[in-house]
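Please read the following report with the sequence and the three-dimensional model side by side. It takes up cysteines and then two groups of strands.

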Amino acid sequence: MGKLLDSIDSPQDLKVLSLEELNQLADEIRQLLIRFCRRHGGHLGSNLATIEPIIALHYVFDMPHDHLIFDVSHQAYTHKILTGRRRAYTDPGSQEDLSGFTSPKESPYDDFMLGHTGTSIGLACGMAAQRNATGGKDNIIAFIGDGSLSSGPAFEGLDWAAEQGGNLIIVVNDNEMSIAENHGGLYRSLAALRASGGRSPDNPFRALGLDYRYVEKGNRIEDLIEAFRQVKDTDHPVVVHIHTRKGLGLGQGSQGQIGPTSITQSDGQTSHMTSLPDLPAEGPVEANHWQDGLDSLGRLPNSRKTYGRMAMQALAARFPQEPGLVVISPATPLSNGIDPDFRQRAGNHYRDVGIAESHAIAYAAGIAKAGGTPVVATSATFFQRAYDQIEQEMALNGSAVTLLVFSTGVAKTDATHSGTADMVMMRGIPGLICLAPTSGAEFLDMLAWATGPARQPVVIRVPGERTLATERAGKPIAPATSDPTTGGEPWDRYRILQQGRTVALLALGDALPLGRDLADSLKASLGLKPTLVDPHRYDRLDEQTLETLASTHSLVVTIEDGQLDGGWGQAVAAYYGPSQIRTLAFGAAKEFNDRVPKATLLERYDMTVPAMTRAISDALADQVSWI
């Protein structure tokens with residue numbers, strides 16, 4: 001660690017530094033972040049672009065009396081380093097102590113816990129309105145990236161800021177990229193502003209009634225300090241448009257972005273996110289279709305990329321014959337296996353609408369209404385941003401849209417990125433068929449049905465790490481194919497994988513491998529062979545199978561890799577009621593968790609094999625004693 005960085009414990013320490021020392025500090029932080037992300041993963045490219053702007057903001061303004069609100073907040077690492085949290089990036093023993101996003105629990109310099117896009121301007125407007133009402137004099141600053149400007153809430157915030165008036169400073173960090181490329185008409189205006197040094201008449205900010213400043217060298221500290229001094233204590237809303245370089249400091253390579261020794265994504269773009277997924281770390285991997293090749297850090301792809309690539313390959317084979325088949329990604333394509341090769345070959349069959357999930361669903365519903373076949377793919381945590389459109393434009397209208405829900409289930413994530421609530425959300429919307437495949441082949445079967453004969457709204461929960469591990473190990477739990485035409489609606493009937501007695505285990509989706517392990521444990525510890533069931537879907541119940549199980553078993557156990565309260569398992573228990581048969585339901589608690597290890601969460605939820613075995617044993621003993 002550098003000598004200057006050793007002396008920075010708060011923003012006040014910046015204010016005594018010379019310009020030369022501020023630049024030296026920026027260099028030290030840049031090298032620190034590169035080392036940190038190499039070891040631990042994180043949002044590297046976006047943070048490298050914002051080192052100088054954040055130093056300048058803390059140099060000019062007086063946080064936390066003034067308020068700096070980050071959009072998404074994934075680019076706030078320098079902010080954290082400057083506000084008393086430096087040791088979390090320098091001390092290996094402290095590097096699990098911080099969220100990857102801003103968090104008021106960590107510091108008075110953070111006003112919000114943020115992990116989604118487009119809300120910073122609206123939040124800043126609210127804080128400014130309260131300040132105006134109480135006669136405050138603090139500066140309110142929203143820091144938003146160019147990729148986030150395509151988000152609907154960002155447009156709404158900009159529009160309201162001009163109407164509201166008063167002190168409000170909106171720093172637009174324009175690094176010419178979102179998570180992948182930027183998409184949308186707004187970015188032509190930003191390009192025109194960059195090309196003209198901020199003088200182009202095609203200025204969307206002025207068109208909305210906002211004042212405007214442009215800083216061409218957005219990584220030049222002296223220019224930034226001058227621009228921020230000009231707008232400090234302003235009496236009206238102003239946009240400061242700064243032109244930065246994403247991934248600055250990683251060297252030069254393709255597209256002028258990165259070099260061969262840097263941390264990169266496989267598509268040659270600046271590394272937005274360097275992830276370290278929880279994958280099997282040892283043991284041979286056979287040369288089969290699950291071995292997709294190593295990533296740039298020598299790791300096997302996680303379930304998102306593996307199953308996402310499978311889905312894209314299956315859809316791409318249909319493009320020549322199906323002109324209306326379209327894959328829509330509200331940004332984050334590479335995370336879900338939508339790699340650059342697919343995007344290039346897909347042409348008009350692929351649309352990236354930017355970080356605008358609400359728009360993605362409405363757009364897809366329009367395509368479906370006109371006869372097309374849209375597939376929308378993103379993470380569980382981001383679909384909740386489009387709840388209104390899923391419920392109205394998609395479900396209420398019966399739009400033939402297929403949603404691929406990635407990154408689901410119990411995992412060690414930031415509180416803003418949990419994947420445990422999607423099933424509760426989706427199954428509560430009328431008119432959605434919600435499917436939970438338990439193998440790659442079944443996933444593709446479901447995708448083919450949903451984008452083929454279904455012509456109705458379908459949600460598919462993409463298989464997770466448990467399923468991928470069993471398939472990579474060559475130990476699939478059951479035959480992978482299903483007959484979507486049997487029993488009326490698709491996958492209407494539960495599948496009995498193992499016929500047993502006394503206890504029936506219903507393990508949904510990615511929880512099925514856990515159910516198999518539990519079945520083995522019951523046999524080993526209690527001498528009991530339970531019935532093992534694959535339910536396939538979670539929007540409705542297979543009442544015929546449930547009735548059969550009730551007549552031949554004394555205990556029904558449900559396991560789901562999602563929130564228990566309001567979830568599928570509780571629906572099974574409610575169906576049986578208090579007297580027909582005893583039930584046990586295992587799932588995640590209704591709570592926010594911030595970077596809690598997965599093993600800790602599973603223990604907390606009694607979702608480990610030993611805990612479930614004990615609970616089942618106790619339940620059976622209670623039944624015997626009661627009789």
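## Cysteines and strands in a predicted model

The structure holds zero disulfides, and it should be kept in mind throughout that this is a predicted model. In general terms, a disulfide is a covalent bond between the sulfur atoms of two cysteines. Two of the cysteines can be described by their burial: C37 counts as buried because its relative accessibility is 1%, and C434 likewise counts as buried, because its relative accessibility is 0%.

The next element to consider is strand β2, which spans residues 140-145. Is β2 enclosed or open to the outside? Six of its six residues are buried, so β2 is largely enclosed by the rest of the structure. In a regular strand the side chains alternate between the two faces of the sheet. In β2 both faces are covered, with I140, A142 and I144 buried on one side and I141, F143 and G145 buried on the other.

Strand β2 has a parallel partner in strand β1 (residues 67-70), to which it is joined over four bridges, and within this pairing H67 has I140 of β2 as its bridge partner. Strand β2 also runs parallel to strand β3 (residues 168-174), with five bridges joining the two, and here G145 stands opposite N173 in β3. Between β2 and β3 the chain passes through helix α8 (residues 152-164), making a β-α-β crossover that is right-handed.

A second group of strands is found around strand β11, which covers residues 458-461. From β11, V458 and I460 point one way while V459 and R461 point the other way, and all of these residues are buried. Strand β9 (residues 402-406) runs parallel to β11 and is joined to it by four bridges, with T402 standing opposite V458. Strand β10 (residues 433-435) also pairs with β11 in the parallel sense, over three bridges, and in this pairing I433 stands opposite V458. The route of the chain from β10 to β11 leads through helix α18 (residues 440-454), and this β-α-β crossover is right-handed.

The pairings described above are set out in the table.

| Strand pair | Sense | Bridges |
|---|---|---|
| β1 and β2 | parallel | four bridges |
| β2 and β3 | parallel | five bridges |
| β9 and β11 | parallel | four bridges |
| β10 and β11 | parallel | three bridges |

Methods: Residues numbered from 1 in each chain as written. Predicted model: local features only at pLDDT ≥ 70, side-chain atom pairs only at ≥ 80, totals over all residues. Heavy atoms only, no water. Buried < 20%, exposed > 50% of the residue type's maximum accessible area, 1.4 Å probe, protein only. Pairing = 2+ DSSP bridges. Right-handed = clockwise from strand over helix to strand, strands pointing away. Disulfide = S-S within 2.5 Å.
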